[in-house]
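This briefing goes through a set of computed features, grouped by topic. Please keep the sequence and the model at hand while reading.

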Amino acid sequence: MARAAAVAKPPAPPGRRRASATPRRLPYLLIAPAALLMLGFIAYPVLSVFYYSLRNYNPTKPWRNGFAGFDNFVHAFTEDPQFWGTLTFSAKWVVVEVGLQLLFGLALALIVNQTFVGRALGRAMVFSPWAVSGVLTSAIWVLLYNSQTGITRYLADLGMGSYGTSWLSDTSTVFPAAVVADLWRGVPFFAILILADLQSVSKDLYEAAEVDGASRLKQFWHITLPHLKDAIVLSTLLRAVWEFNNVDLLYTLTGGGPAGVTTTLPLYIANTSVDAHDFGYASALTTVAFVILLFCSIVYLRLSKFGGGDK
C-alpha cells in the first residue's frame with residue numbers, strides 16, 4: 001500500500017480543473033447567444049398570444065379592453081357558429097390536400113426514381129413548383145381561372161361550358177379549383193422527400209425479391225412502402241400543419257368566399273385580427289388552433305410509431 005501511495009498522482013490544482021472543464025462547455029457557450037435570440041423570438045410571441053387570449057383587446061374600442069378570463073374561449077365554443085364552420089372546413093381541406101398530395105407525390109417519386117433519358121430534366125420540372133412562393137402560385141392560378149382569358153374561356157370556345165364562367169365564384173366549383181391550385185405546389189414537396197428516401201433502398205432487396213418470384217406490386221408493398229414509412233409520416237405531418245395554417249393561397253384566390261365557404265380557421269383568425277381589430281378573440285382562436293395541432297400531432301406520431309426503426 002505504501003508503494004501505491006507513492007506512485008499516486010497528486011490532485012490537480014483548482015485552476016487546472018477549471019481549465020479542463022472549459023473546453024467541454026465551450027460549444028454550449030458559443031451557441032448560447034443564438035439560442036437565446038431564437039428563444040426570445042419564439043417564446044415572446046407565443047406567450048403574448050396566451051396573454052391576450054385572456055383579455056378583451058381591441059385598439060379601436062379601448063373602453064372595452066380588460067381582463068376577460070375564459071370568456072373568449074366560451075364565446076368561441078358556444079356562441080360563434082363561424083368558428084365551427086371554419087374548423088370543419090380546415091379539417092376537410094387538410095385531409096383532401098394532404099391525401100392527394102401524398103398519392104401524387106409518391107407516384108412522381110417512383111417515376112423519376114427510374115432510369116430514363118432526360119431524367120435530370122424531368123426531376124427539375126417536377127420539383128420546380130415547390131420553389132414558387134404561395135402568393136405567386138395564387139397569382140398564376142388566378143390568371144388561369146380568369147373568366148375572360150383563362151381556362152374557362154378556352155373550354156367555352158370548344159363548346160364545353162359557357163362564356164363568363166368563373167370557377168372561383170361558384171360555390172360548387174371553388175373547392176376543387178382551390179384544391180388543384182394547391183396540389184400544383186404541394187405535390188413536389190412529397191416527391192422530393194420520398195425520392196430522397198428511395199435512394200437509400202438497397203437494390204439487393206429487389207433482386208432477391210425477383211429471384212423469389214415477387215411481382216412489382218408485392219415488391220412495392222413489402223419493400224418500398226415499409227422503407228418509406230418514416231418519410232411518409234414526417235412529410236404528412238409537416239404538410240398537414242402547413243395546410244392547416246394555409247392563408248396566402250386561399251386569401252389570394254378566394255378571400256374565403258364565395259359566401260365564406262372556403263374560409264379556414266387561420267383565415268378567420270386573420271380577418272378577426274386585421275379587419276375587425278379584435279386581437280383578444282383572435283388570440284383565443286389561435287390558442288385553440290395551437291392546442292388542436294399539438295394534440296393531433298402527438299396522437300398521429302404515437303399511432304404511426306414514428307422512428308420505431310421497423311423498416
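Beyond its close sequence neighbours, V94 touches G99, A240, E243 and F244. V94 sits in helix α4, which spans residues 81–112. The model is a predicted one, and the points below start from V94 and its partners.

**V94 and its surroundings**

- V94 has a relative accessible area of 14% and is therefore buried, the cut-off being under 20%.
- R239 is 145 residues away from V94 along the chain, yet their C-alpha atoms are separated by 8.5 Å.
- Two of the residues that V94 touches, E243 and F244, come up again below: E243 in a salt bridge and F244 in a nonpolar core.

**The salt bridge**

- How many salt bridges does a search of the whole structure find? The search finds one.
- The salt bridge joins the side chains of E243 and R239, with an N to O distance of 2.9 Å.
- E243 and R239 are both buried.
- Because E243 and R239 are four residues apart in helix α11, about one helical turn separates them.
- Side chains of opposite charge can pair when their charged atoms come close.

**Nonpolar cores**

- The largest nonpolar core has 30 residues, and the members that touch the most others are F83, I194, L228, F244, L265 and L285.
- At least two residues of this core come from each of α3 (71–78), α4, α8 (174–198), α11 (229–244), α13 (265–275) and α14.
- Another core lies apart from the largest one; it has 16 residues, including F89, Y145, F175 and A178.
- Setting aside residues up to four places away in sequence, L285 touches A76, F83, Y268, I269 and T272.
- F83, one of these partners of L285, is also among the core members with the most contacts to other members.

**S138 and D248**

- S138 is placed in helix α6, residues 134–144.
- With a relative accessible area of 0%, S138 is buried.
- Which residues is S138 in contact with, leaving aside its neighbours within four places in sequence? They are D248, L249, T252 and L253.
- D248 belongs to helix α12, which covers residues 248–253.
- D248 counts as partly exposed because its relative accessibility is 34%, and that class lies between the 20% and 50% cut-offs.
- On its side, D248 is in contact with G134, V135 and S138, leaving aside neighbours within four places in sequence.
- The C-alpha atoms of D248 and D157 are separated by 32 Å, with these positions 91 residues apart along the chain.

**S273**

- S273 is found in helix α13.
- S273 counts as buried, at 13% relative accessibility.
- Not counting residues up to four places away in sequence, S273 touches D278, F279 and A282.

**Nonpolar surface patch**

- A nonpolar patch on the surface is formed by L37, M38, F41, I42, V46, L47, F50, F290, V291, L294 and I298.
- Together the patch residues have about 1,100 Å² of accessible area.
- Helices α2 (14–52) and α14 (279–304) each supply at least two of the patch residues.
- Which helix gives the largest share of the patch? That helix is α2, with seven residues.
- M38, one of the patch residues, lies in helix α2.
- Is M38 buried or exposed? M38 counts as exposed because its relative accessibility is 53%, against a cut-off of over 50%.
- Helix α14 supplies residues to the patch and also to the largest nonpolar core.

**Annotated regions**

- An unreviewed UniProt entry annotates residues 87–300 as "domain: ABC transmembrane type-1".
- Over residues 87–300 the chain is 72% helix and 0% strand, with the end C-alpha atoms 19 Å apart.
- The annotation "transmembrane region", also from an unreviewed UniProt entry, covers residues 26–54, 93–112, 124–144, 174–196, 249–269 and 281–301.
- For residues 124–144, the helix content is 71% and the strand content 0%, and the end C-alpha atoms lie 23 Å apart.
- For residues 249–269, the chain is 48% helix and 0% strand, and the end C-alpha atoms are 15 Å apart.

Definitions and conventions:
Residues are numbered from 1 along each chain as its sequence is written. This is a predicted model: local features need pLDDT of at least 70, side-chain atom pairs count only at pLDDT 80 or more; totals for chains, interfaces and linings use all residues. Side-chain values use heavy atoms; hydrogens and water are left out. UniProt positions are given in the numbering used here, feature names are shortened, and annotations may be inferred rather than shown by experiment. Patches are made of residues with over 30% relative accessible area and no salt bridge: like charges are joined within 9 Å, nonpolar side chains (Val, Leu, Ile, Met, Phe, Trp, Tyr) within 5 Å. Accessible areas come from the Shrake-Rupley method with a 1.4 Å probe; for residues, only the protein chains shown count as cover. A salt bridge is a side-chain nitrogen of Lys or Arg within 4 Å of a carboxyl oxygen of Asp or Glu. Buried means under 20% relative accessible area, exposed over 50%, partly exposed in between (1.4 Å probe, protein chains only). Contact means heavy atoms within 4.5 Å. A nonpolar core is a set of buried Ala, Val, Leu, Ile, Met, Phe, Trp, Tyr and Cys residues joined through side-chain atoms within 4.5 Å.
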